[in-house]
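Here's a quick look at what sits around the ligand. Have the binding site open while you read.

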Amino acid sequence: MPSTPHINPHGAPIAETVLVPGDPLRAKFIAETYLEETVQFNKVRNMLGYTGLYQGQEVSVMGSGMGIPSVSLVTHELIHIFGARRIIRVGSCGSFQPDLAPYEIIVAQGACTDSRFVEHFNTPGTYAPICSWKLLKAISEEADRRGVDIHVGNILSSDVFYNLDDTVNERWARMGVLGVEMESAGMYAVAAEAGAEALGVFTVSDNLVTGEQTTPEEREKAFTTMMELALPLAALS
Ligand code: HPA
């Protein structure tokens, strides 16, 4: 088993499907709550990673860290060095749309970005990072089966959390962009270049138009729903 500057599994397995929450402690919680026969495969820089079984299917979960530099290097190493084929981000986002309330679930069909990371792939025009159609279709079907509403569309992956310009959110919202987080565009581009699949799923943590925020109870419930949609994706052929 190889190792990289950021992942050293010491022989522990890494599954073809890896869920990547931003927070490594969230990865630990997911592993402890949802997986069986779990082994830890990473602790480098506290970016905790685990592999276990979900309904008999091998799946891994690893913290991605915050921002495109962190998620893109984790995604790159998981795919290129450890053979992962599907990276599924399970995160939170702020909402740009007044009627998209905290705890609603967003699936990022596309990810706009103000980051220059994607430029290093050197396409001769603006590259449009999109999710895997197969994963999007599967999560949409799973949501239908469970009677869960999901909002599918464009999001923004921003490099800037504290933006000095207070007009930016409205300008993205005008283009129908649903919300903002800080990772998916980089993750989608890395996966695309490698011929792998990626999907970003989010619970809305705060509405940036109305200022509405989730309560801890709502956050917990929304997180559980999101995990019940994301984990079965590991069983896809
Ligand atoms: N901005 C960026 N990322 C986020 C936010 C936000 O408001 N909320 C959750 N992730």
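By class, the shell around the ligand has 5 nonpolar, 3 polar and 2 charged residues. Here Ala, Val, Leu, Ile, Met, Phe, Trp, Tyr, Cys and Pro count as nonpolar, Asp, Glu, Lys and Arg as charged, and the others, Gly among them, as polar. A residue joins the shell if one of its heavy atoms lies within 4 Å of the ligand; among them are Phe-161, Met-182 and Asp-206.

This is a predicted model: local features need pLDDT of at least 70, side-chain atom pairs pLDDT 80 or more, while totals for chains, interfaces and linings use all residues. Numbering runs from 1 along each chain as its sequence is written, and side-chain values use heavy atoms, without hydrogens or water.

Three strands (DSSP runs of E, at least two residues, numbered from the N terminus) each supply at least two shell residues:

| Strand | Residues |
|---|---|
| E5 | 86–95 |
| E8 | 179–181 |
| E9 | 197–207 |

E5 gives the most, with 3 residues. As for polar contacts (N or O pairs within 3.5 Å), a ligand nitrogen is 3.3 Å from a polar backbone atom of Gly-94.

Methods
Polar contact = N/O pair within 3.5 Å; in protein donor to acceptor, adjacent residues only side chain to side chain. Helix = DSSP H or I, 4+ residues; strand = E, 2+ residues; numbered from the N terminus.
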